[in-house]
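Let's take a walk through this protein together. Keep the 3D view open and find each residue as it comes up.

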Amino acid sequence: MINSNKCGFTIDLGLQPVSNRFYPLESGSSAPKFHLGLKVNPKTGLIELNKLFPVEELKPRHDWLTNFEPEDHLDKLVEDLINLPGVSRSSVIGAYSFKDDTTIKRLNTKGYNNSWRIDPESDLGVDKFANLETYQHEFTIEKSRKIKKKYGEADILLVRHALEHAYDISNFVKAIRLLVKPTGFIVWELPSCEKYLIHGDCTMIWEEHIYYFTEFTFREFFKKEKLFINNLNLIQYPLEDCIVAITHEKQNLDIDNFNDNKDIDIDIEIEINRAKKYIELLSNNKVSIPKILEDATNKFGNIVIFGAGHFTAAFISILNIEHLIDYIIDENPNKKGRKFPAGNIPIVSPDILQQNNIKLCFLGSNPQSHHKIIDKNKDFVDSGGIFLSIFPGTDRYFEDIL
């Protein structure tokens, strides 16, 4: 249901499952569900969830779940960091989470070894199952002060793919700033949602992502927080582009002058209209895509989806197509023999592609892995099987082919 009110445009997506909950097939349990929806801030154009899942429910129950973030741009980022003014091999490099480990490793390889990273267990008091959903909850101002005392202030602090998870985003930024020297830099990285918005792509929505930034709303957010952008890049990737920004405390008007003009209201209106269009497209897709898949089952028989992650969960649950999917395929052996959180669909290994006369397999994993999946399952393709992507704008998108 779409609503327009003083809070901007909203859409209610009803009850949606926690997408990291995997119960054994023989279990009587199912993934818990909570109300989910989006709202658009009429003052900024920023899209965010209008109802938040309980943090404790989001906490993973397994230690074998994996995370994937694109990293092809990290070598260039490291070069940018070591060339920042005042940065030397004695500079202190701090990091917020495990998502920063590969950047720290690259810096260490170049001789920038004076580094630290927040330890979730000793610094935040969380256990091994916790992830960013719990980190942001436990990363308070008080704990940030203790972390600063323990490790010292950083010259550069890395915060990759964390900001969008923050339930209290302003306090999260405040806690991060405490860990950086007044002359230091903070490196922020998060997904750009512009491609999703253009296509009305439901896989953008994830209960663990509270905010859905574009480059414009990202810049405006940091203006509000009075953090000044030294450098910002939009890194192109097949699914979602990455916004990478280096911010600092001291304002430099020669650098930080983006959109500092009298047309800001026009720019915000553009963002609001794009968000409104997304909500309209999403609503239309909730009607049209199930019909396309119903026709596909009549033509091809059983349909399976490769990738038991949150993209697939959103695709199935938001579009209400649980009844049209027979199996979910995943290469993680720990998921085999369990129920997929959306629809309790059985999760199986890729071997299923050579059985049950399956002819149509949708790809719900990150598009960067699609070619690898197809290459690994050449026998399926050679026998007439078809791989199609669930992501609009990518190669082999199913609506372009079916």
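**Cysteines and rings**

Start with C202, which is buried, at a relative accessible area of 5%. Keep in mind as you look around that this model is predicted. Does C202 have a partner, and where is the closest cysteine sulfur? That sulfur belongs to C193 and sits 13 Å from the one in C202, so the two are too far apart for a bond. A disulfide would need the two sulfur atoms within 2.5 Å.

Now hop over to C361. This residue is buried too, with a relative accessible area of 0%. The closest cysteine sulfur to its own is the one in C202, 17 Å away, which is again too far for a bond. Across the whole structure, the disulfide count is zero.

Aromatic rings are another story: you'll find 19 aromatic pairs here. Take F315 and F398, whose ring centres are 5.9 Å apart with 80° between the planes, an edge-to-face pair. F315 lies in helix α11 (residues 310-318) and F398 in helix α14 (residues 398-401), so this pair links distant parts of the chain, 83 residues apart. Both of these residues are buried.

F398 also pairs with F362: their centres are 5.3 Å apart and their planes are at 80°, so this pair is edge-to-face. Here the link runs from strand β15 (residues 360-363), which holds F362, to helix α14, which holds F398, with the two positions 36 residues apart in numbering. F362 is buried, and so is F398.

Finally, look for a group of rings: W188, Y211, F213, F218, F221 and F222 make up one aromatic cluster.

Conventions. Residues numbered from 1 in each chain as written. Predicted model: local features only at pLDDT ≥ 70, side-chain atom pairs only at ≥ 80, totals over all residues. Heavy atoms only, no water. Buried < 20%, exposed > 50% of the residue type's maximum accessible area, 1.4 Å probe, protein only. Phe/Tyr/Trp six-rings, centres within 6.5 Å; stacked < 30°, edge-to-face > 60°. Helix = DSSP H or I, 4+ residues; strand = E, 2+ residues; numbered from the N terminus.
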